[in-house]
Amino acid sequence: MAKVKEEIYTKTKLKREYGCTDKMFEYLPEPDRIWYGRYKSQKWDAWSQEKVDEFLAKPEVIALLDKKKKNASKRQKASEKGVETRKKNDLEKIKKMKIVVTRVSHKTLRKHAQDYIMWNYDDPIEITDRELVNTIRHEFTSYEEDLDALAGKFGQDDLQKYIYQRTYDEIERIYPEYKKEIKRQLEEHLSRL
């Protein structure tokens with residue numbers, strides 16, 4: 001019958017496996033084992049499973065572990081609150097951004113749309129309201145810079161939705177003739193998030 005290897009614990013292993021802290025080690029009994037490392041010069045105090053079980057059953061250690069769990073829960077809640085505060089602050093900054101949409105002539109808009117098509121497609125395609133609204137959004141608004149401003153901000157999806165909404169609303173205000181396509185594209189963008 002194979003001999004079962006005895007489990008021994010060092011302070012490092014107690015920290016890793018049970019979440020013990022240095023303060024708890026005041027209640028550790030005298031070590032009953034030595035743990036040897038890879039080299040002869042490496043040796044540490046160690047405890048058997050029986051001694052560790054006695055240690056973990058001490059009321060002082062139980063109280064300290066409970067306190068540690070409660071503190072971890074408090075830290076988690078504080079962290080979540082901090083993230084929510086950061087999201088709120090980031091959204092407020094985004095709300096203060098000025099959305100810029102430049103009105104250009106129909107001829108200029110079509111020329112830019114044609115250039116975009118020539119650059120991005122192998123075969124020329126018909127210029128539709130879709131291409132015109134895309135051209136407005138990418139070339140005649142602050143849309144790209146506004147999205148770039150989101151780098152490092154919390155709540156990216158919410159902030160993107162807000163920028164999409166504001167950008168398309170402003171495009172519709174400046175270019176009301178494309179209202180139907182603007183609404184379609186906005187819905188498409190929002191559905192991706």
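## A first look

Which residue in β3 is the bridge partner of I34? The answer is D45, and that pair is a good place to start exploring.

A few words on the ground rules. This is a predicted model, in which local features need pLDDT of at least 70 and side-chain atom pairs count only at pLDDT 80 or more, while totals for chains, interfaces and linings use all residues. Residues are numbered from 1 along each chain as its sequence is written, and side-chain values use heavy atoms, with hydrogens and water left out.

## The sheet

Helices (H or I, at least four residues) and strands (E, at least two) are DSSP runs, numbered from the N terminus. Here 3 strands make an open sheet with antiparallel pairing, in the order β1-β3-β2. β1 (8-9) and β2 stand at the edges with a single partner strand each, so one side of each has no neighbour in the sheet.

Two strands count as paired if DSSP finds at least two bridges between them. β2 and β3 (residues 43-48) are joined in the antiparallel sense by 4 bridges, and they form a hairpin with 6 residues between them. Besides I34, Y36 has a bridge partner in β3, namely K43. On the other side, β1 and β3 pair over 2 bridges, also antiparallel, and I8 stands opposite S48 in β3. Helix α2 (residues 49-57) lies across β1 and β3 and runs at about 75° to β3.

## Helices that meet

Two packed helices are described by the angle between their axes and the distance between the axes. Axes are lines fitted to C-alpha atoms, for helices over the stretch in contact, and angles run from 0 to 180 degrees between N-to-C directions. Angles under 35 degrees count as roughly parallel, over 145 as roughly antiparallel, 65 to 115 as roughly perpendicular and the rest as oblique.

Helix α7 (residues 156-174) packs with α8 at about 175°, their axes 10 Å apart; the two are therefore roughly antiparallel. Their contact (heavy atoms within 4.5 Å) includes Y164, Y168 and I171 from α7 and L186 and L190 from α8. Helix α5 (residues 129-139) and α8 (residues 179-192) have axes that come within 10 Å and cross at roughly 70°, which makes α5 roughly perpendicular to α8. Among the residues that meet here are R130 and R137 in α5 and E181 and R184 in α8.

## The largest pocket

A pocket is an open set of points on a 1 Å grid over the protein atoms alone, where a 1.4 Å probe fits, with protein on both sides within 12 Å along at least five of seven lines; lining residues have an atom within 4 Å of a point. The largest pocket holds about 180 Å³ of space, a volume being the space filled by probe spheres set on the points.

Its lining includes K5, I8, R33, I34 and W35. Strand β2 (residues 33-36) gives the largest share, 3 residues.
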